[in-house]
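Me: Please take a close look at one part of this model, namely the place around its ligand, and lead me from there into the parts that follow. I am a first-year student, so please explain each term when you first use it.

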Amino acid sequence: MSGSDPSAECGYDDLRARQWLASEARGDDFSRRDLFRLAAAVGAAVTGMASAGGSALAAVASQGPIVKPLPPELFVTFGGNAEMRWEAMAGQGRLVPTDRFFVRNHTATPLIDADLWRLRLFGTGLRGSPDRDTAIQLGYRQLRRLPAHTQTSMVECAGNGRSFFTSQQGQSVSGTAWRLGAVGVARWRGVRLSTVLRHAGLTPDAVDVLPSGLDADFVTGGVNLGPVRRPLPIGKALDDVLLAYEMNGEPLPSDHGFPVRLVVPGWIGISSIKWLGAIEVSAEPLFSPWNTQFYRLFGPGYPVDGELIGRQAVKSAFEVAWNARIPAGARTVLRGRSWSGTSPIRAVEVSTDGGHSWRRARLHRSDAGRAWQRWELPWLPSVPGPAVLRARAVDATGASQPDEARHNTLGYLFDGVVAHPVTVV
Ligand SMILES: Nc1nc2c(c(=O)[nH]1)N[C@H]1C(S)=C(S)[C@@H](COP(=O)(O)O)O[C@H]1N2
Ligand SMILES: [Mo]
C-alpha cells in the first residue's frame, strides 16, 4: 500500500496526517489548501454514504438509549439518562470510574465506526471553507496523530440538583429530576480545539464556534430541532476546550461520545457535545435551540428572553446513600466533594443538626485547585432517629451556596444547600 495513494484509507490518513502536522512549519494557508484537495477526494465518497445511510456517518441503531450496564447500586435511571449514586464514590479517588459516570442523552447513544467518522470544519470564520460543501474533513487516525493533551475536568449537567427545586422549595420545574449525581470528573485525552482550529485556518474575525453531534435529531413537541448543538464563543473555544478521544485512559466509550467528544471545562454539560460530527466557525454570532430555548434561565426576575448560562454554580454532595443508616454511638467519617464552575473551592462547612450549627470540614490538600474538592468531617451521632446532613462550600471568588436557590422554570443551576436525609440507628 503506497502512502501517497489517497484511495487507500490507511496510506491516505498517514499522508494527510503528515501534511497536516508539517503545516505548522509551512503556514496554515498552504496546508489548508493541500488538506482540502485531499479531503475532497474522500469527502465525495463519505457524503454519498451519509445521504444514503442517514445523517450520522456510520451510525447504526443502538441497542437502547444507553449501551453500558446500569447496575442499580451505581445508577438511578430516567429513560435515556442515568445518574450516578453518590455512595458509589465512597473510597474512590479524584476520578469517577467510567462504569459509574452519569449519562445524559437527548435521544440514544449511536454506535459509530471510527474508520468512517469524519469531523467537518467549515464556516465564515475559516479561510476558504465558508460552507459544508467546502468543509475541511479530519479523520480519526489523523486526529490521533495531532499533538495530544491530557486534562482532568468535570462534566456536569446544567440540571444537576433540579429535583430539589421541587422537593425543598416547592417550585415547579421541567426536565429530568436529578438529585446530585449528574456530574463526573474524568481524565480526558485528545487534541486541543485551538490546535485544530488554527490548523483549519481560523480568521481573526471568527466569533463563534458551533459543534454538533451525530446522534439522531432531537424532536420535541412534534418539532425537529435538528442535531444536538450549542455555540461557544471563540475565546472559550481557544482557551481550554478539548476534542477528547480517551476517557480515563481508554478509548471514549460509546455512551460518552465515541469516537470524539468536546470537553468544555467549567461550562454546563450541554457544551461538551458528544459524537462530534461538525464544527461551524463563524464570523457572525451563531444560535441554536440549545442557547435560545433551552439552557437559559427563564422565570421571575430574569429577562423575558432568558439569561444565557455559561459557567456552573457551586455545589456539594455527601458520598453517602440517600436515607443511609448510620450507627449511633460510633464515630462515622462523613465524606463528600464540593465544586464550582468558576474557581477552586476555598472552604466547606457541614451541619449534622438541621442547619443549627456548622463545622469546617477538613479539605484534602492534594485536591487544591482541582476540578472538585474532597473533604471529610467526623461525626458521632448519639440519638437514634432521622437526621439531616448539610454541606455548603465557598469558592475562591467568594461564590457560595445559598439556603435557597434562585428559581428558574427549567430548573438549572441548583446551588442551594441540599438537605440529605439519613437515619441514625
Ligand atoms: N451529541 C450530544 N452531545 C451531548 C448530549 C446529547 O444528547 N447529544 N447531551 C449533553 C448533555 S445535556 C450533557 S449533561 C453531557 C453529558 O455527558 P455524559 O453523558 O458523557 O455524562 O453531554 C452533552 N453532550
Ligand atoms: Mo445536561
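Reply:
**Around ligand 1**

Ligand 1 is surrounded by 20 residues, and the closest of them are Phe-102, His-106, Asp-215, Arg-261 and Lys-274; a residue is taken as near a molecule or strand if one of its heavy atoms lies within 4 Å of it. This is a predicted model, in which local features need pLDDT of at least 70 and side-chain atom pairs count only at pLDDT 80 or more, although totals for chains, interfaces and linings use all residues. Residues are numbered from 1 along each chain as its sequence is written, chains are lettered from A and ligands numbered from 1 in the order in which they are written, and side-chain values use heavy atoms, with hydrogens and water left out.

Three polar contacts can be described here, a polar contact being a pair of N or O atoms within 3.5 Å (within protein, one must be able to donate a hydrogen and the other to accept it, and residues adjacent in sequence count only if both atoms are side-chain atoms). The side chain of Arg-261 has an N or O atom 2.7 Å from an oxygen atom of ligand 1. Arg-104 takes part through its backbone, where an N or O atom lies 3.0 Å from an oxygen atom of the ligand, while a backbone N or O atom of Ser-272 is 3.1 Å from a nitrogen atom of ligand 1.

We can now turn to the loop that holds Ser-271, which runs between β16 (261-263) and β17; helices (H or I, at least four residues) and strands (E, at least two) are DSSP runs, numbered from the N terminus. Ser-271 has a relative accessible area of 2% and therefore counts as buried, where buried means under 20% relative accessible area, exposed over 50%, and partly exposed in between (1.4 Å probe, protein chains only). If its neighbours within four places in sequence are left aside, Ser-271 is in contact (heavy atoms within 4.5 Å) with Arg-230, Leu-232, Leu-262 and Val-264.

Strand β17 (residues 276-282) leads on to β10, since the two run antiparallel and are joined by six bridges; strands are said to pair if DSSP finds at least two bridges between them. Within this pairing, Ser-212 stands opposite Ala-278 in β17. β10 also pairs with strand β13 (residues 232-233), again in the antiparallel sense and over two bridges, and here Val-209 stands opposite Leu-232. Strands of a sheet pair through backbone hydrogen bonds, either parallel or antiparallel.

In a regular strand the side chains alternate between the two faces of the sheet. In β10, Asp-208, Leu-210 and Ser-212 point one way and Val-209, Pro-211 and Gly-213 the other way, and all are buried. Because six of the six residues of β10 (residues 208-213) are buried, the strand is largely enclosed by the rest of the structure. The C-alpha atom of Asp-208 is separated by 8.5 Å from that of Gly-235, although these residues are 27 apart along the chain. Gly-235 lies in helix α6 (residues 234-239) and, at 49% relative accessibility, counts as partly exposed.

The surroundings of Leu-243 bring us to the nonpolar core, which is a set of buried Ala, Val, Leu, Ile, Met, Phe, Trp, Tyr and Cys residues joined through side-chain atoms within 4.5 Å. The largest such core has 82 residues, and Leu-143, Trp-188 and Leu-243 touch the most other members. Domain 1 (48-283) and domain 2 (315-424) both contribute residues to this core, so it lies between them; the domain bounds come from an automatic or database domain assignment. Not counting residues up to four places away in sequence, the residues that Leu-243 touches include Leu-119, Leu-143, Leu-262 and Leu-276, and also Arg-261, whose side chain was named above for its contact with ligand 1. A second, separate core of 19 residues includes Ile-345, Leu-377, Trp-379 and Val-424. In soluble globular proteins, nonpolar side chains tend to be buried together.

For the chain as a whole, the secondary structure comes to seven helices and 28 strands, and 54% of the 425 residues count as buried. Among contacts between residues at least 6 apart in sequence, 72% join residues at least 24 apart.
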